[in-house]
Amino acid sequence: MAAKSQTQSRSSVLETATAAAGGSETTARQTVGDVTVPNPVMSCRQVNVHYGDKHAIRDVSLDVGHNEVIAMIGPSGCGKSTLLRCLNRLNDIIPSAVVTGTITLDGQNIYERRQDVVQLRARVGMVFQKPNPFPKSIYENVAYGPRIHGLAADRAQLDEIVQTSLKRAGLWEEVKDRLHQPGTALSGGQQQRLCIARTIAVGPEVILMDEPCSALDPIATARIEDLIDELRQNYAICIVTHSMQQAARVSQRTAYFHLGDLIEVGPTDMIFTNPKHRLTEDYITGRFG
C-alpha cells in the first residue's frame, strides 16, 4: 500500500511539474536563462528533431562557448543525447531522423550540403557511453585519426601524438609496454579511455561526451574529470550526464532538458543552488528523474 502511495505521489509530482512548465506536448516551452554566450564556437537556433512521428527536440536554442564545459542534464528520454548527436550530425545515420533549424560551427552552418561530414566529425569529436575501439592495436586506434587527416609529418611525430593522447586519457602507464596488442583486449574502462585518447588525438575544436564515465571506476572517473578540466583550456566540451554531482564538478554552464524542451540554462552553481524553474528545482532535488 505504501509503495503504491509512493508511486502515485511521484506520478503526481511529475504531472504537476509538467503542467507548471506551461504549454502543451506539441508546443515548445520558453527557456529560462540566457542561451547565448559571447563569440560562441557552436550555436543552435530553433533546432527541432523528429524520429518519424516522435518530436524529440522542440525549438531548442543554445550556444556553446570557447574554453567551457557545458553539461546537459535531465531525465531519460528528455532529448539531451539527441541534441548532442546533432552537433556532429550523427543523427544522419538514422533514416527516420529529420533535423531542422540552424546549427553553426565557427559561424558556418554544419547542415549545409557542401559540409564535409568527415571533417566535421574530426572538428567535433564524440566519446560514447559504450566503448567502441577499432579492431586494431592500441597504437593504431590512436594513430588512425592523425594519420588519415595528415596531422603527423613522420613516424616520430605520430608516436608523440599517440603517447601524449594516451597520457592525457590516463592510460599510458597501463599500456605503454603493449601498444601493439588489440585495443579490444582491454577492460571496459580501459577501452573507454582508449576512445577518449582517440578523440583527443585529432585535436578537435569541440568534444562531445555522452556519459563518458558511466563504465569507469571511481579512480578512472576522477582522472577523466581532471582531464575534462584540462582540455577545456583548449577545447569546448559538451557533456551529457545522469550524475548531477559530476555535472556540478566539471561544468561551468548547465542546461536542463525535459520532454524535448530546454527548460533552463545558466551558470552551473546557480542551476544547482538557485534554479529559477519549478521543473529544474524538482529534478535537482530528486522529486522526479
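This section describes the fold, the nonpolar cores, helix α4, the principal pocket and one buried acidic residue of a predicted model.

The protein chain comprises eleven helices and ten strands. Of its 289 residues, 49% are buried. Contacts that are distant in sequence are well represented: among those joining residues at least 6 apart, 68% link residues at least 24 apart.

The largest nonpolar core contains 44 residues, and within it Leu166 and Ile228 touch the most other members. When neighbours within four places in sequence are set aside, the contacts of Leu166 are with Ile138, Val142, Leu171, Trp172, Val175, Leu179, Leu194 and Ala197. Apart from this core lies another, made up of 33 residues, including Leu87, Ile103, Ala255 and Leu262.

Two of the residues in contact with Leu166, namely Ile138 and Val142, are buried residues of helix α4. The helix spans residues 138-148, and its buried positions also include Tyr139, Asn141, Ala143, Gly145 and Pro146. In an α-helix, with 3.6 residues a turn, residues three or four places apart point the same way. The buried residues of α4 pack against three helices, α5 (155-168), α6 (172-175) and α7. Just after α4, Gly150 adopts a positive phi of about 65°.

Helix α4 also takes part in the lining of the largest pocket, to which α3 (117-123), β6 (124-127), α4 and α7 (188-201) each contribute at least two residues. This pocket encloses about 490 Å³ of space. Its lining consists of 21 residues, of which Arg121, Met126, Phe134, Arg198 and Thr199 are the closest to the pocket centre. By residue class, the lining is divided into twelve nonpolar, seven polar and two charged residues. Helices α4 and α7 are thus elements of the pocket lining, while α7 is also one of the helices against which the buried residues of α4 pack.

A further feature concerns Asp261, which is located in strand β10, a segment covering residues 261-267. Asp261 has a relative accessible area of 0% and is therefore classed as buried, the cut-off being under 20%. The side chain of this aspartate forms a polar contact of 2.9 Å with the side chain of Arg58. Asp261 is also separated from Asn48 by 213 residues in sequence, although the C-alpha atoms of Asp261 and Asn48 lie 9.8 Å apart in space.

Conventions: Residues are numbered from 1 along each chain as its sequence is written. This is a predicted model: local features need pLDDT of at least 70, side-chain atom pairs count only at pLDDT 80 or more; totals for chains, interfaces and linings use all residues. Side-chain values use heavy atoms; hydrogens and water are left out. A nonpolar core is a set of buried Ala, Val, Leu, Ile, Met, Phe, Trp, Tyr and Cys residues joined through side-chain atoms within 4.5 Å. Buried means under 20% relative accessible area, exposed over 50%, partly exposed in between (1.4 Å probe, protein chains only). Contact means heavy atoms within 4.5 Å. On a 1 Å grid over the protein atoms alone, a cavity is a set of points where a 1.4 Å probe fits but cannot get out, and a pocket is an open set with protein on both sides within 12 Å along at least five of seven lines; lining residues have an atom within 4 Å of a point. Grid points are joined across faces, edges and corners, and a volume is the space filled by probe spheres set on the points. Helices (H or I, at least four residues) and strands (E, at least two) are DSSP runs, numbered from the N terminus. Ala, Val, Leu, Ile, Met, Phe, Trp, Tyr, Cys and Pro count as nonpolar, Asp, Glu, Lys and Arg as charged, and the others, Gly among them, as polar. A polar contact is a pair of N or O atoms within 3.5 Å; within protein, one must be able to donate a hydrogen and the other to accept it, and residues adjacent in sequence count only if both atoms are side-chain atoms.
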